[in-house]
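Got a few minutes to walk through a protein model? Have a look at the picture and keep it beside you while you read.

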Amino acid sequence: MSDWHYLRKDVLEQVNPSQDDVAKLKVFVSKVLDDINSIIKESDIDAVAEVHGSVAHGTWVKGEQDLDIFIVLDKKLDRSMFKRVLDLVKGYLDEWVEAYAEHPYVQAWIDEYKIDFVPCFGIELNQQIISSTDRTPLHTKFLRNELDASLFDEVRLLKQFIKGIGVYGAEIKTGGFSGYLCELLILRYNGFTELLSEAESWGESTVIYFNGDHDVNYLVNRYDDPLIVIDPVDRSRNVASAVVPDSYWKFVSAARAFNNCPDMRFFYSNDVVQPESVLLSLKDRETDIVFLVIEESEAQVPDSLWGQINKTEEALSKLLIKNDFRVYRGFTWSNEKTRHIFVFELESATIAPTRKTYGPPVHMELDVEKYFEALRRRDNTVSGPGLEDGRWWVISRRKYTDAVGLLGDFLMDGGRDIGVSRNLSVKILQHHRVLLNEEIEGYLIDGFEVELYRFLRGTPVWFN
Ligand code: CTP
């Protein structure tokens, strides 16, 4: 028997729900559906509650009891009915949170299950969708017809592999592979190892479709995405549009490494990270790590948090670069409630007090005049202007020689001027700290220490 045979068995033992899990879930789902459906019936709204997503497809991974309950409304109804059916759902629940991800939905925990209640319109295949979630019941129908039960294990292996290498999830935070995309990839290649064998030689763009004719060149030009998987229920949608190039190439590289040497570390990381060891590696490091910690006492988290984080990360990085700091890379961690930490690795957090810059060439008379005028208005010239190889130069004093001071100054007013997002800028005004290297010690908790450890290490968890 091959190593893969045993490894596969081990992974499946961890990802496959037990018969008990399945039976319990079935009872739970049918109770919730019955309850919700009788409430809807009493209200006289033409709608029906159905279960969709991985639970309906038979591809859910053990331990992730995420249920998607869709309230499918008759398509003749008005969008304002979304709110009405969600109000009915809320009346049924003891506790819930309302979320809005381009579409309203309600999230609740009952027993060990996390449930999303999502309204949508019931449409038929090839009809125009009305809201973004209308495709979901069609996905379930498609997969029930096309995805053979013998491939359910394969989907679970793929989901766990993609989680293991850190690219599972279509949210902005991850920019990776959704569960539905995993299902379609397995369907296309007919198995997990079969998919990975193909993926190791994927090029700059990969196009996959299931039905109809498609012009591949047209698709590659139309979508600016490395992976294009045409939704079998909607030919105008790329199911893989969330997959950013970094996630795509991580998948391709991990597939190559896995094909060479399958190992458990591709599925589950066994990193045990002690804050003390992270601190030690910060102390010994030859680069500098600068942190911006934003803390809020009350969690008021917008749905667009990761969009705001990305915008802010870009603004801070630009500020550092503009002021001559060499930014190697960065990342942001957030507990998605009260604490967000921006991390930048710099060649050095302190730079020389002076810099030499070049002005226009002598023959550009007007530009040279303007250059002199600008120099006259400044009082930071150390030497020059001088002539060298037909150009004017000047050596001047830098305003900022340390990155902590630079960030501190520009964040004093919240940082709106440099492009910090509106919401985070308010939080920055309330409370923030800019820290250098081991000064981060007090924040090496809640999983940040693990992410920082991985960032400092630099290589993917599966890399050997
Ligand atoms: N969906 C989609 N595109 C996405 C995310 C979700 O089309 N980027 C639709 C799919 O129809 C999917 C359903 O929403 O089946 C539910 O998605 P989700 O709850 O995010 O994940 P699951 O597919 O159920 O996978 P899992 O729970 O195993 O992560």
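Here is a tour that goes from the whole chain to the ligand, then to the cores, and finally to a few odd spots in the backbone.

**The whole chain**

First things first: this is a predicted model. The chain runs to 464 residues, and 46% of them count as buried. If you draw a box around the C-alpha atoms along the principal axes, it comes out at roughly 80 × 60 × 50 Å. Inside that box you'll find 16 helices and 15 strands. The chain exposes about 24300 Å², and carbon and sulfur atoms supply 47% of that area.

How much of the contact list comes from residues 24 or more positions apart? Counting contacts with a separation of 6 or more, such pairs account for 66%.

**Around the ligand**

Now zoom in on the ligand. It is surrounded by 13 residues, and the closest are Ser54, Asp68, His139, Lys159 and Tyr168. By type, the shell splits into three nonpolar, seven polar and three charged residues.

Which helices each supply at least two residues of this shell? They are H3 (53-57), H5 (135-146) and H7 (179-189). H3 gives the most, with three residues.

Some side chains put a polar atom close enough to a ligand oxygen to list the distance:

| Residue | Distance from a polar side-chain atom to a ligand oxygen atom |
|---|---|
| Threonine 136 | 3.2 Å |
| Histidine 139 | 2.5 Å |
| Lysine 159 | 2.7 Å |

Taken alone, the ligand would expose 580 Å², and the protein buries 77% of that.

**Histidine 52**

Next stop is histidine 52, which is part of strand S1 (residues 47-52). Is histidine 52 buried or exposed? Its relative accessible area is 4%, so it counts as buried, the cut-off being under 20%.

The side chain of histidine 52 has polar partners. One polar contact, at 2.8 Å, goes to the side chain of glutamate 50. Another, at 2.7 Å, goes to the side chain of threonine 140. If you skip neighbours within four places in sequence, histidine 52 is in contact with Asp68, Phe70, Thr136, Pro137 and Thr140. Two of those names should ring a bell: Asp68 is listed among the closest residues to the ligand, and threonine 136 has a polar side-chain atom 3.2 Å from a ligand oxygen.

**The nonpolar cores**

The largest nonpolar core has 49 residues, and Phe161, Phe177, Phe192, Trp202 and Phe251 touch the most other members. Several elements give two or more residues to this core, including helix H1 (3-15), helix H6 (152-164) and helix H10 (245-260). H7 gives the most, with eight residues. So far, then, helix H7 has turned up in the ligand shell and in this core.

Phenylalanine 177 has plenty of company. Leaving out residues up to four places away in sequence, its partners include Ile162, Tyr168, Cys182, Leu227 and Phe251. There is also a second, separate core of 30 residues, with Val29, Leu33, Ile71 and Phe121 among them.

Back to H7 for a moment, because leucine 181 lies there and is buried, with a relative accessible area of 0%. Beyond its neighbours within four places in sequence, leucine 181 is in contact with Leu227, Val229, Val239, Ala240 and Val243. The C-alpha atoms of leucine 181 and tyrosine 6 are separated by 26 Å, with their positions 175 residues apart along the chain.

**Odd spots in the backbone**

Most residues other than glycine have a negative phi, and most peptide bonds are trans. With that in mind, here are some exceptions.

The peptide bond from glycine 384 to proline 385 is cis, with omega near 5°. Proline 385 lies in strand S13 (residues 381-388).

Aspartate 389 has a positive phi, near 50°, and sits in the loop between S13 and strand S14 (391-397). Asparagine 437 also has a positive phi, near 45°, and belongs to the loop between strand S15 (432-436) and helix H16 (448-457).

Which of these is buried and which is exposed? Aspartate 389 has 76% relative accessibility, so it counts as exposed. Asparagine 437, with a relative accessible area of 10%, is buried.

Terms used. Residues are numbered from 1 along each chain as its sequence is written. This is a predicted model: local features need pLDDT of at least 70, side-chain atom pairs count only at pLDDT 80 or more; totals for chains, interfaces and linings use all residues. Side-chain values use heavy atoms; hydrogens and water are left out. A residue is near a molecule or strand if one of its heavy atoms lies within 4 Å of it. A polar contact is a pair of N or O atoms within 3.5 Å; within protein, one must be able to donate a hydrogen and the other to accept it, and residues adjacent in sequence count only if both atoms are side-chain atoms. Accessible areas come from the Shrake-Rupley method with a 1.4 Å probe; for residues, only the protein chains shown count as cover. Helices (H or I, at least four residues) and strands (E, at least two) are DSSP runs, numbered from the N terminus. Ala, Val, Leu, Ile, Met, Phe, Trp, Tyr, Cys and Pro count as nonpolar, Asp, Glu, Lys and Arg as charged, and the others, Gly among them, as polar. Buried means under 20% relative accessible area, exposed over 50%, partly exposed in between (1.4 Å probe, protein chains only). Contact means heavy atoms within 4.5 Å. A nonpolar core is a set of buried Ala, Val, Leu, Ile, Met, Phe, Trp, Tyr and Cys residues joined through side-chain atoms within 4.5 Å.
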